[in-house]
Amino acid sequence: KKSAAKKRKQWYQRRVRGAKCAGYPAYPALIVDPSTTPGFTHCGIPIPVPPPEVLKQRTDKPFTFLVLFFDTRRTWQWLPHRKLLPLGQDEEKDAAKLLECKKSAAKKRKQWYQRRVRGLT
């Protein structure tokens, strides 16, 4: 019989979520099974295989998931369950998260500018 933790992890595999890393707004990511083998497909879509250096960073903490961000660098990260957010289920929540991203980026640009101005004076 499978434990509740294993059932929950299996339910999350291959789902797209908003994932949040420290210092960044939530960003779309795919939850990937760390034991994925080359050539594995889901609904005809090839699932990327995690690099060995990412697998070495695995933690023993429960409810930690391996995610692949849909960014230009295709960033891998191990994240706890609380850092994964539903995505594509509620248009209002998705719009609010998008606005949060824009605010965060604007805030970072402002902070960078202020640091640069302080450095020049």
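Two strands pair if DSSP finds at least two bridges between them. Keep that in mind for the sheet views below, which come from a predicted model.

**View 1. β5 and β6 run antiparallel, joined by 5 bridges.** Look for Thr64 in β5, standing opposite Pro80 in β6. The Thr64 side chain also makes a polar contact, reaching the backbone oxygen of Lys61 at 3.1 Å. Is Thr64 buried or exposed? Thr64 counts as buried, because its relative accessibility of 6% falls under the 20% limit.

**View 2. The open sheet has 5 strands in the order β6-β5-β2-β1-β7, with antiparallel pairing.** Which strands sit at the edges? Those are β6 (76-80) and β7 (84-85), each pairing on one side only. Moving inward from β6, you meet β5, which is joined to β6 by 5 bridges. β5 also pairs with β2 in the antiparallel sense, this time over 4 bridges. In that pairing, Ile31 stands opposite Val67 in β5. As a general reminder, strands of a sheet pair through backbone hydrogen bonds, either parallel or antiparallel.

**View 3. β1 and β2 run antiparallel and are joined by 4 bridges.** β1 covers residues 16-19, while β2 spans residues 27-32. For a pair to click on, try Ala19, which stands opposite Tyr27 in β2. Val16 lies in β1 too. Val16 is partly exposed, with a relative accessible area of 38%.

**View 4. Val16, Tyr27, Phe70 and Leu87 make a nonpolar surface patch of about 310 Å².** Two of these names come up in the previous view: Val16 belongs to β1, and Tyr27 has Ala19 opposite it. How does Val16 qualify for the patch with a relative accessible area of 38%? Val16 can be a member because that 38% is over the 30% needed for patch residues. For the wider surface, the chain exposes about 9200 Å², and carbon and sulfur atoms supply 56% of that area.

**View 5. Thr59 is found in the loop between α2 (52-55) and β5 (64-69).** What does the Thr59 side chain reach? It reaches the backbone nitrogen of Lys61, at 3.3 Å. Lys61 turns up in View 1 as well, where its backbone oxygen is reached by the side chain of Thr64. Thr59 is partly exposed, at 28% relative accessible area. If you want a C-alpha to C-alpha distance to check, Thr59 and Pro80 are 9.9 Å apart in space and 21 residues apart in sequence. Pro80 is the residue in β6 that Thr64 stands opposite.

**View 6. Thr36 is found in the loop between β2 and β3 (41-42).** A polar atom of the Thr36 side chain lies 2.6 Å from the backbone oxygen of Asp33. Which residues does Thr36 touch, not counting those up to four places away in sequence? They are Ile47, Pro48, Val49 and Pro50. Thr36 counts as buried, since its relative accessibility is 12% and the limit is 20%.

**View 7. The whole chain, for context, has 3 helices and 7 strands.** Starting at the N terminus, the elements run α-β-β-β-β-α-β-β-β-α. Of the 121 residues, 24% count as buried, Thr36 and Thr64 among them. Among contacts between residues at least 6 apart in sequence, 47% join residues at least 24 apart.

Note on methods
Residues numbered from 1 in each chain as written. Predicted model: local features only at pLDDT ≥ 70, side-chain atom pairs only at ≥ 80, totals over all residues. Heavy atoms only, no water. Patch = residues over 30% accessible without salt bridge, like charges linked within 9 Å, V, L, I, M, F, W, Y side chains within 5 Å. Areas by Shrake-Rupley, 256 points an atom, 1.4 Å probe, with all protein chains shown as cover. Salt bridge = Lys/Arg side-chain N within 4 Å of Asp/Glu carboxyl O. Helix = DSSP H or I, 4+ residues; strand = E, 2+ residues; numbered from the N terminus. Buried < 20%, exposed > 50% of the residue type's maximum accessible area, 1.4 Å probe, protein only. Polar contact = N/O pair within 3.5 Å; in protein donor to acceptor, adjacent residues only side chain to side chain. Contact = heavy atoms within 4.5 Å.
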